[in-house]
Amino acid sequence: MKDMKCNQLLDLFLIVQNTSGQIADMAQNTQDENIGTKVQQKVSNMIRQFDVILDDAQQRQMLLQKSVKPYLDVSENLQSQMVDAAQQYCEELLCRINEQLLAELKTLQLVSQKTAKRLIKHLPNCRKDTLFYQQFVLNVAVCCSEALPKESFEWIIDLFEQTPDLLKDSSVHLNYIYQPTAQRTFTQCPICKGTGEAYYTAFSYSMINFDNPFLPAKLWMKCKNCHNLYTYQYPEQLLEMGQHCEVVFSEHSPNHILEAMPIQLRSWCDILNALQKYTKGKNLLEVGTGTGELLAVALEMEYQIDAVEIVKEDAQKVSNILNIPIWCCDFLQFKTEKQYDVLIMGDVLEHMADPTKALRKAWELLRPDGVLWISTPNYQSSFSRMRKFNDPMWKEPYHIVYFSGAGLKDLTEQCGFVTQEYHVSNHYYGSMELILKKKGN
(Lines give C-alpha, C1' and ligand atoms only; values in the text may rest on other atoms or scores of the structure.)
Protein backbone atom coordinates (compact mmCIF):
# COMPACT_ATOMS: atom_id res chain seq x y z
CA MET A 1 0.00 0.00 0.00
CA LYS A 2 1.10 3.56 -0.65
CA ASP A 3 0.82 4.46 3.04
CA MET A 4 2.98 1.52 4.20
CA LYS A 5 5.99 3.74 5.00
CA CYS A 6 3.70 6.04 6.98
CA ASN A 7 2.67 3.06 9.13
CA GLN A 8 6.29 1.96 9.54
CA LEU A 9 7.19 5.38 10.93
CA LEU A 10 4.19 5.31 13.27
CA ASP A 11 5.33 1.86 14.50
CA LEU A 12 8.85 3.16 15.14
CA PHE A 13 7.51 6.19 17.00
CA LEU A 14 5.61 3.92 19.38
CA ILE A 15 8.68 1.72 19.92
CA VAL A 16 10.91 4.69 20.74
CA GLN A 17 8.20 6.23 22.92
CA ASN A 18 7.75 2.98 24.84
CA THR A 19 11.50 2.56 25.24
CA SER A 20 11.79 6.08 26.63
CA GLY A 21 9.01 5.33 29.10
CA GLN A 22 10.65 2.09 30.21
CA ILE A 23 13.97 3.87 30.78
CA ALA A 24 12.16 6.50 32.84
CA ASP A 25 10.65 3.71 34.97
CA MET A 26 14.09 2.17 35.48
CA ALA A 27 15.39 5.49 36.75
CA GLN A 28 12.94 5.27 39.64
CA ASN A 29 14.79 2.21 40.98
CA THR A 30 17.84 3.91 42.47
CA GLN A 31 19.01 0.67 44.15
CA ASP A 32 19.51 -1.21 40.88
CA GLU A 33 23.28 -1.50 40.35
CA ASN A 34 22.82 -2.86 36.82
CA ILE A 35 20.71 -0.02 35.49
CA GLY A 36 23.45 1.08 33.09
CA THR A 37 23.61 -2.31 31.42
CA LYS A 38 19.83 -2.55 31.25
CA VAL A 39 19.52 0.91 29.65
CA GLN A 40 22.12 -0.06 27.05
CA GLN A 41 20.19 -3.24 26.27
CA LYS A 42 16.90 -1.34 25.93
CA VAL A 43 18.38 1.19 23.51
CA SER A 44 20.21 -1.50 21.51
CA ASN A 45 16.99 -3.52 21.15
CA MET A 46 15.17 -0.37 20.05
CA ILE A 47 17.78 0.34 17.36
CA ARG A 48 17.50 -3.22 16.03
CA GLN A 49 13.79 -2.67 15.50
CA PHE A 50 14.62 0.01 12.92
CA ASP A 51 16.27 -2.67 10.76
CA VAL A 52 13.29 -4.98 11.19
CA ILE A 53 10.50 -2.46 10.51
CA LEU A 54 11.92 0.13 8.13
CA ASP A 55 12.93 -1.38 4.78
CA ASP A 56 14.28 1.91 3.39
CA ALA A 57 18.01 1.90 4.21
CA GLN A 58 18.45 5.56 3.31
CA GLN A 59 15.62 6.57 5.62
CA ARG A 60 17.05 4.41 8.42
CA GLN A 61 20.36 6.18 8.03
CA MET A 62 18.61 9.56 8.09
CA LEU A 63 16.76 8.73 11.28
CA LEU A 64 19.77 7.21 12.99
CA GLN A 65 22.09 9.93 11.74
CA LYS A 66 23.76 10.27 15.16
CA SER A 67 25.51 7.33 16.71
CA VAL A 68 23.99 6.06 19.91
CA LYS A 69 27.43 5.37 21.41
CA PRO A 70 28.15 8.91 22.74
CA TYR A 71 24.90 8.78 24.67
CA LEU A 72 25.71 5.48 26.36
CA ASP A 73 29.50 5.76 26.72
CA VAL A 74 29.20 6.97 30.29
CA SER A 75 30.95 5.65 33.38
CA GLU A 76 29.02 3.07 35.41
CA ASN A 77 29.47 5.43 38.35
CA LEU A 78 27.31 8.01 36.59
CA GLN A 79 24.28 5.88 35.88
CA SER A 80 21.87 8.83 36.23
CA GLN A 81 23.73 10.55 33.40
CA MET A 82 23.35 7.42 31.30
CA VAL A 83 19.61 7.44 31.86
CA ASP A 84 19.41 11.12 30.94
CA ALA A 85 21.56 10.59 27.85
CA ALA A 86 19.44 7.65 26.68
CA GLN A 87 16.22 9.62 27.12
CA GLN A 88 17.72 12.56 25.26
CA TYR A 89 18.59 10.24 22.40
CA CYS A 90 15.03 8.91 22.35
CA GLU A 91 13.61 12.45 22.29
CA GLU A 92 15.80 13.36 19.32
CA LEU A 93 14.72 10.19 17.55
CA LEU A 94 11.04 11.01 18.16
CA CYS A 95 11.53 14.46 16.63
CA ARG A 96 13.26 13.03 13.56
CA ILE A 97 10.55 10.39 13.10
CA ASN A 98 7.89 13.11 13.21
CA GLU A 99 9.83 15.12 10.62
CA GLN A 100 10.07 12.09 8.35
CA LEU A 101 6.38 11.34 8.90
CA LEU A 102 5.45 14.86 7.81
CA ALA A 103 7.67 14.55 4.72
CA GLU A 104 5.98 11.23 3.89
CA LEU A 105 2.47 12.68 4.32
CA LYS A 106 3.31 15.44 1.84
CA THR A 107 3.95 12.78 -0.83
CA LEU A 108 0.62 11.01 -0.21
CA GLN A 109 -2.78 12.02 -1.52
CA LEU A 110 -4.95 9.68 0.53
CA VAL A 111 -4.47 7.07 3.24
CA SER A 112 -6.57 4.11 4.31
CA GLN A 113 -9.09 4.43 7.11
CA LYS A 114 -6.86 2.30 9.36
CA THR A 115 -3.90 4.62 8.81
CA ALA A 116 -6.13 7.68 9.22
CA LYS A 117 -7.25 6.48 12.66
CA ARG A 118 -3.63 5.89 13.65
CA LEU A 119 -2.73 9.42 12.58
CA ILE A 120 -5.54 10.82 14.76
CA LYS A 121 -4.12 8.99 17.78
CA HIS A 122 -0.68 10.33 16.90
CA LEU A 123 -1.66 14.03 16.82
CA PRO A 124 -1.28 14.58 20.60
CA ASN A 125 2.41 13.66 20.18
CA CYS A 126 3.01 17.01 18.45
CA ARG A 127 3.21 20.25 20.40
CA LYS A 128 0.25 22.45 19.49
CA ASP A 129 2.09 25.74 19.77
CA THR A 130 4.50 25.04 16.91
CA LEU A 131 4.55 25.65 13.16
CA PHE A 132 5.37 21.95 12.79
CA TYR A 133 2.03 21.07 14.41
CA GLN A 134 0.13 23.31 12.00
CA GLN A 135 1.84 21.77 9.00
CA PHE A 136 1.37 18.28 10.38
CA VAL A 137 -2.37 18.72 11.00
CA LEU A 138 -2.81 20.31 7.57
CA ASN A 139 -1.20 17.34 5.82
CA VAL A 140 -2.97 14.76 7.99
CA ALA A 141 -6.28 16.41 7.09
CA VAL A 142 -5.47 16.26 3.37
CA CYS A 143 -4.54 12.57 3.55
CA CYS A 144 -7.65 11.71 5.59
CA SER A 145 -10.09 13.64 3.37
CA GLU A 146 -11.76 10.44 2.11
CA ALA A 147 -11.21 8.06 5.03
CA LEU A 148 -12.36 10.57 7.69
CA PRO A 149 -13.98 13.46 5.79
CA LYS A 150 -15.89 15.02 8.71
CA GLU A 151 -12.86 15.02 11.02
CA SER A 152 -10.67 16.31 8.19
CA PHE A 153 -13.04 19.25 7.59
CA GLU A 154 -13.19 20.11 11.30
CA TRP A 155 -9.37 20.03 11.66
CA ILE A 156 -8.91 22.46 8.77
CA ILE A 157 -11.52 24.94 10.00
CA ASP A 158 -10.18 24.77 13.55
CA LEU A 159 -6.63 25.29 12.29
CA PHE A 160 -7.56 28.42 10.32
CA GLU A 161 -9.62 29.81 13.19
CA GLN A 162 -6.54 29.51 15.42
CA THR A 163 -4.13 30.80 12.75
CA PRO A 164 -5.99 32.98 10.20
CA ASP A 165 -2.78 33.87 8.32
CA LEU A 166 -1.70 30.25 7.87
CA LEU A 167 -1.56 30.66 4.08
CA LYS A 168 -0.28 34.22 3.86
CA ASP A 169 2.93 33.00 2.20
CA SER A 170 1.20 30.51 -0.10
CA SER A 171 2.24 30.66 -3.74
CA VAL A 172 -1.39 30.04 -4.77
CA HIS A 173 -3.07 32.60 -2.50
CA LEU A 174 -0.43 35.08 -1.40
CA ASN A 175 -1.50 37.25 1.57
CA TYR A 176 -4.70 35.25 2.13
CA ILE A 177 -6.16 35.79 5.61
CA TYR A 178 -9.03 33.61 6.78
CA GLN A 179 -12.14 35.61 7.71
CA PRO A 180 -15.16 33.87 9.26
CA THR A 181 -18.26 34.54 7.16
CA ALA A 182 -21.93 33.56 7.43
CA GLN A 183 -22.45 30.08 6.00
CA ARG A 184 -25.68 28.26 5.30
CA THR A 185 -25.55 24.73 6.68
CA PHE A 186 -27.44 22.17 4.62
CA THR A 187 -28.84 19.92 7.33
CA GLN A 188 -30.63 17.85 4.69
CA CYS A 189 -30.18 17.09 1.01
CA PRO A 190 -31.25 20.12 -1.09
CA ILE A 191 -32.33 17.74 -3.85
CA CYS A 192 -34.68 15.31 -2.04
CA LYS A 193 -34.61 16.51 1.61
CA GLY A 194 -33.05 13.22 2.70
CA THR A 195 -30.34 12.82 5.34
CA GLY A 196 -26.68 12.70 4.39
CA GLU A 197 -23.35 11.37 5.61
CA ALA A 198 -19.86 12.81 5.16
CA TYR A 199 -18.38 11.73 1.83
CA TYR A 200 -15.23 13.76 1.06
CA THR A 201 -13.47 16.95 2.10
CA ALA A 202 -12.10 19.10 -0.71
CA PHE A 203 -9.52 21.75 0.11
CA SER A 204 -10.76 25.09 -1.15
CA TYR A 205 -7.50 26.81 -0.28
CA SER A 206 -5.79 24.85 -3.08
CA MET A 207 -8.31 26.05 -5.69
CA ILE A 208 -7.29 28.79 -8.10
CA ASN A 209 -10.56 30.76 -7.81
CA PHE A 210 -10.82 30.41 -4.03
CA ASP A 211 -11.13 33.42 -1.72
CA ASN A 212 -13.35 34.75 1.04
CA PRO A 213 -16.26 34.19 1.68
CA PHE A 214 -15.58 30.49 0.98
CA LEU A 215 -14.33 28.33 3.83
CA PRO A 216 -10.81 26.93 3.39
CA ALA A 217 -12.29 23.42 3.29
CA LYS A 218 -15.46 22.11 1.63
CA LEU A 219 -17.21 19.07 3.09
CA TRP A 220 -19.25 17.05 0.62
CA MET A 221 -22.18 14.99 1.93
CA LYS A 222 -23.78 11.97 0.25
CA CYS A 223 -27.53 11.65 0.53
CA LYS A 224 -28.65 8.28 1.87
CA ASN A 225 -31.89 8.57 -0.10
CA CYS A 226 -31.10 9.86 -3.61
CA HIS A 227 -27.34 9.11 -3.44
CA ASN A 228 -26.41 12.48 -4.92
CA LEU A 229 -23.87 14.81 -3.29
CA TYR A 230 -24.27 18.22 -1.70
CA THR A 231 -22.03 20.65 0.15
CA TYR A 232 -22.33 20.86 3.92
CA GLN A 233 -21.90 24.64 4.03
CA TYR A 234 -22.01 27.45 1.49
CA PRO A 235 -21.57 31.26 1.80
CA GLU A 236 -24.88 32.88 2.65
CA GLN A 237 -24.12 36.04 0.68
CA LEU A 238 -23.74 34.05 -2.55
CA LEU A 239 -27.03 32.24 -2.00
CA GLU A 240 -28.77 35.61 -1.66
CA MET A 241 -27.60 36.86 -5.05
CA GLY A 242 -30.06 37.62 -7.84
CA GLN A 243 -33.22 37.97 -5.77
CA HIS A 244 -34.28 41.06 -7.73
CA CYS A 245 -34.54 40.93 -11.52
CA GLU A 246 -33.22 43.59 -13.86
CA VAL A 247 -32.57 43.67 -17.58
CA VAL A 248 -29.02 44.40 -18.71
CA PHE A 249 -28.69 46.20 -22.04
CA SER A 250 -25.70 46.43 -24.35
CA GLU A 251 -23.23 49.28 -23.93
CA HIS A 252 -22.60 49.70 -27.65
CA SER A 253 -18.89 49.69 -28.45
CA PRO A 254 -16.77 48.09 -31.20
CA ASN A 255 -14.22 47.17 -28.52
CA HIS A 256 -16.48 44.54 -26.92
CA ILE A 257 -15.12 41.27 -28.33
CA LEU A 258 -14.48 37.69 -27.22
CA GLU A 259 -11.74 35.39 -28.45
CA ALA A 260 -14.00 32.58 -29.69
CA MET A 261 -12.80 28.98 -30.09
CA PRO A 262 -14.10 27.46 -33.37
CA ILE A 263 -14.27 23.98 -31.83
CA GLN A 264 -16.57 25.27 -29.07
CA LEU A 265 -18.83 27.04 -31.54
CA ARG A 266 -19.03 23.89 -33.67
CA SER A 267 -19.88 21.84 -30.58
CA TRP A 268 -22.82 24.14 -29.76
CA CYS A 269 -23.96 23.93 -33.38
CA ASP A 270 -23.99 20.12 -33.13
CA ILE A 271 -26.02 20.30 -29.92
CA LEU A 272 -28.66 22.60 -31.43
CA ASN A 273 -28.88 20.39 -34.51
CA ALA A 274 -29.43 17.38 -32.24
CA LEU A 275 -32.25 19.22 -30.43
CA GLN A 276 -33.99 19.92 -33.76
CA LYS A 277 -34.75 16.19 -34.00
CA TYR A 278 -37.19 16.72 -31.12
CA THR A 279 -38.60 20.17 -31.82
CA LYS A 280 -38.67 22.45 -34.84
CA GLY A 281 -39.49 25.52 -32.76
CA LYS A 282 -36.99 28.39 -32.60
CA ASN A 283 -37.77 30.11 -29.28
CA LEU A 284 -34.82 29.49 -26.98
CA LEU A 285 -34.05 30.37 -23.36
CA GLU A 286 -30.56 29.90 -21.93
CA VAL A 287 -30.12 29.77 -18.15
CA GLY A 288 -26.56 30.76 -17.29
CA THR A 289 -24.89 32.43 -20.26
CA GLY A 290 -21.25 31.61 -19.58
CA THR A 291 -19.25 33.65 -22.07
CA GLY A 292 -21.99 33.63 -24.69
CA GLU A 293 -20.88 31.01 -27.23
CA LEU A 294 -24.21 29.14 -27.25
CA LEU A 295 -26.18 32.36 -27.70
CA ALA A 296 -23.88 33.45 -30.54
CA VAL A 297 -24.42 30.14 -32.36
CA ALA A 298 -28.18 30.26 -31.70
CA LEU A 299 -28.34 33.72 -33.28
CA GLU A 300 -26.44 32.42 -36.30
CA MET A 301 -28.94 29.55 -36.58
CA GLU A 302 -31.84 32.05 -36.48
CA TYR A 303 -33.23 31.28 -33.03
CA GLN A 304 -35.20 33.88 -31.11
CA ILE A 305 -33.30 34.02 -27.85
CA ASP A 306 -33.76 35.07 -24.24
CA ALA A 307 -31.17 34.59 -21.52
CA VAL A 308 -30.92 34.66 -17.72
CA GLU A 309 -27.63 35.18 -15.88
CA ILE A 310 -27.23 35.65 -12.12
CA VAL A 311 -23.82 37.39 -12.20
CA LYS A 312 -24.28 40.96 -13.40
CA GLU A 313 -20.72 41.37 -14.68
CA ASP A 314 -21.08 38.25 -16.84
CA ALA A 315 -24.50 39.34 -18.10
CA GLN A 316 -23.12 42.74 -19.07
CA LYS A 317 -20.15 41.25 -20.94
CA VAL A 318 -22.31 38.92 -23.02
CA SER A 319 -24.86 41.66 -23.66
CA ASN A 320 -22.09 43.97 -24.85
CA ILE A 321 -20.57 41.36 -27.17
CA LEU A 322 -23.80 40.10 -28.74
CA ASN A 323 -25.81 43.33 -28.50
CA ILE A 324 -28.75 41.61 -26.78
CA PRO A 325 -30.66 42.26 -23.52
CA ILE A 326 -30.11 39.72 -20.73
CA TRP A 327 -32.16 39.15 -17.60
CA CYS A 328 -29.94 39.40 -14.54
CA CYS A 329 -31.36 37.39 -11.62
CA ASP A 330 -31.66 33.99 -10.01
CA PHE A 331 -33.49 31.67 -12.42
CA LEU A 332 -36.16 31.01 -9.77
CA GLN A 333 -36.93 34.75 -9.73
CA PHE A 334 -37.23 34.99 -13.53
CA LYS A 335 -40.81 35.73 -14.60
CA THR A 336 -42.27 35.65 -18.09
CA GLU A 337 -45.53 34.79 -19.85
CA LYS A 338 -43.63 33.17 -22.72
CA GLN A 339 -43.08 29.48 -23.29
CA TYR A 340 -40.04 28.13 -25.08
CA ASP A 341 -39.26 25.41 -27.59
CA VAL A 342 -35.72 24.95 -26.28
CA LEU A 343 -34.37 25.54 -22.77
CA ILE A 344 -30.61 25.28 -22.19
CA MET A 345 -29.17 24.67 -18.71
CA GLY A 346 -25.47 24.29 -19.38
CA ASP A 347 -23.51 23.68 -16.16
CA VAL A 348 -25.89 25.57 -13.87
CA LEU A 349 -27.71 22.86 -11.86
CA GLU A 350 -24.62 22.26 -9.75
CA HIS A 351 -24.73 25.93 -8.66
CA MET A 352 -28.34 25.76 -7.44
CA ALA A 353 -29.47 25.37 -3.83
CA ASP A 354 -32.81 23.93 -4.99
CA PRO A 355 -32.31 22.07 -8.30
CA THR A 356 -35.68 20.34 -7.97
CA LYS A 357 -37.55 23.64 -7.99
CA ALA A 358 -35.40 24.81 -10.92
CA LEU A 359 -36.30 21.76 -13.00
CA ARG A 360 -39.99 22.18 -12.21
CA LYS A 361 -39.74 25.79 -13.35
CA ALA A 362 -38.03 24.65 -16.56
CA TRP A 363 -40.95 22.26 -17.15
CA GLU A 364 -43.43 25.16 -16.77
CA LEU A 365 -41.50 27.37 -19.22
CA LEU A 366 -41.37 24.73 -21.96
CA ARG A 367 -44.09 24.24 -24.57
CA PRO A 368 -45.72 20.79 -24.60
CA ASP A 369 -43.33 19.61 -27.34
CA GLY A 370 -40.38 21.61 -25.98
CA VAL A 371 -36.95 20.15 -25.23
CA LEU A 372 -34.62 20.64 -22.26
CA TRP A 373 -30.84 20.30 -22.59
CA ILE A 374 -28.79 19.85 -19.41
CA SER A 375 -25.06 19.65 -18.80
CA THR A 376 -23.72 19.09 -15.29
CA PRO A 377 -20.85 17.19 -13.58
CA ASN A 378 -21.38 13.50 -12.96
CA TYR A 379 -19.45 12.38 -9.90
CA GLN A 380 -19.70 8.79 -11.18
CA SER A 381 -18.62 9.62 -14.75
CA SER A 382 -16.03 7.56 -16.63
CA PHE A 383 -13.56 10.43 -16.19
CA SER A 384 -14.22 10.65 -12.44
CA ARG A 385 -13.90 6.88 -12.06
CA MET A 386 -10.50 7.05 -13.71
CA ARG A 387 -9.25 10.25 -12.04
CA LYS A 388 -11.00 9.71 -8.69
CA PHE A 389 -10.43 12.74 -6.43
CA ASN A 390 -8.02 14.26 -8.95
CA ASP A 391 -11.05 15.21 -11.05
CA PRO A 392 -11.16 19.04 -11.43
CA MET A 393 -14.72 18.99 -10.10
CA TRP A 394 -13.25 18.70 -6.60
CA LYS A 395 -11.36 21.96 -7.13
CA GLU A 396 -14.48 24.06 -7.72
CA PRO A 397 -15.66 26.12 -4.70
CA TYR A 398 -18.83 27.48 -6.35
CA HIS A 399 -20.65 24.15 -6.71
CA ILE A 400 -23.44 23.11 -4.34
CA VAL A 401 -24.66 19.73 -5.68
CA TYR A 402 -23.29 16.88 -7.75
CA PHE A 403 -25.42 14.20 -9.42
CA SER A 404 -24.77 10.71 -10.62
CA GLY A 405 -26.26 9.79 -14.00
CA ALA A 406 -28.96 7.69 -12.33
CA GLY A 407 -29.59 10.38 -9.71
CA LEU A 408 -30.19 13.09 -12.31
CA LYS A 409 -32.42 10.86 -14.44
CA ASP A 410 -34.53 9.99 -11.39
CA LEU A 411 -34.93 13.66 -10.46
CA THR A 412 -35.82 14.81 -13.98
CA GLU A 413 -38.41 12.03 -14.19
CA GLN A 414 -39.96 13.19 -10.91
CA CYS A 415 -40.14 16.69 -12.42
CA GLY A 416 -42.06 15.48 -15.49
CA PHE A 417 -39.30 14.76 -18.03
CA VAL A 418 -38.22 11.72 -20.03
CA THR A 419 -34.57 11.33 -21.06
CA GLN A 420 -34.15 11.05 -24.82
CA GLU A 421 -30.36 11.01 -25.06
CA TYR A 422 -27.38 10.80 -22.71
CA HIS A 423 -23.89 11.90 -23.76
CA VAL A 424 -20.43 12.27 -22.25
CA SER A 425 -19.65 15.98 -22.45
CA ASN A 426 -16.85 17.28 -24.66
CA HIS A 427 -17.11 20.71 -23.01
CA TYR A 428 -16.02 19.77 -19.50
CA TYR A 429 -14.16 16.74 -18.12
CA GLY A 430 -16.51 14.47 -16.18
CA SER A 431 -19.75 16.21 -17.17
CA MET A 432 -22.84 14.56 -18.65
CA GLU A 433 -25.27 15.99 -21.19
CA LEU A 434 -28.95 15.03 -21.31
CA ILE A 435 -31.68 15.79 -23.84
CA LEU A 436 -35.12 15.63 -22.23
CA LYS A 437 -38.73 15.95 -23.33
CA LYS A 438 -41.90 16.44 -21.30
CA LYS A 439 -43.66 13.20 -20.43
CA GLY A 440 -46.38 12.26 -22.92
CA ASN A 441 -44.87 14.28 -25.78
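**A walk through the predicted chain**

Helix 15 (residues 405–414) lies across strand 11, strand 13 and strand 14. Its direction is about 155° to that of strand 13. Helices (H or I, at least four residues) and strands (E, at least two) are DSSP runs, numbered from the N terminus. Contact means heavy atoms within 4.5 Å. Axes are lines fitted to C-alpha atoms, for helices over the stretch in contact, and angles run from 0 to 180 degrees between N-to-C directions.

This is a predicted model, where local features need pLDDT of at least 70, side-chain atom pairs count only at pLDDT 80 or more, and totals for chains, interfaces and linings use all residues. Residues are numbered from 1 along each chain as its sequence is written, and side-chain values use heavy atoms, with hydrogens and water left out.

Now the sheet. It is open, has 8 strands and follows the order 6-9-8-7-10-11-14-13, with mixed pairing. Its edge strands, strand 6 (246–248) and strand 13 (417–424), each pair on one side only. The twist averages 20° from one strand to the next. Two strands pair if DSSP finds at least two bridges between them. Strand 7 (residues 283–287) and strand 8 (residues 304–309) run parallel, joined by 5 bridges. Val287 stands opposite Val308 in strand 8.

A further helix crosses this region. Helix 10 (residues 262–275) lies across strand 7, strand 10 (340–346), strand 11 (366–377) and strand 14 (431–438). Helix 10 runs at about 145° to strand 11.

Next, the interior. A nonpolar core is a set of buried Ala, Val, Leu, Ile, Met, Phe, Trp, Tyr and Cys residues joined through side-chain atoms within 4.5 Å. Buried means under 20% relative accessible area, exposed over 50%, partly exposed in between (1.4 Å probe, protein chains only). The largest core holds 110 residues, and Met345 and Leu372 touch the most other members. Helix 5 (residues 79–107) gives the most to this core, with 11 residues. A second, separate core of 25 residues includes Leu295, Val297, Ala298 and Ile344. Leu372 touches residues including Leu343, Met345, Phe417 and Leu436, not counting residues up to four places away in sequence.

Finally, the whole chain. The secondary structure comes to 15 helices and 14 strands. Of the 441 residues, 50% count as buried. Along its principal axes the C-alpha trace spans about 100 × 45 × 40 Å. The chain has a radius of gyration of 30 Å, while a compact globule of 441 residues would have one near 22 Å. That radius is taken over C-alpha atoms, and the globule rule is 2.2 Å times the number of residues to the power 0.38.
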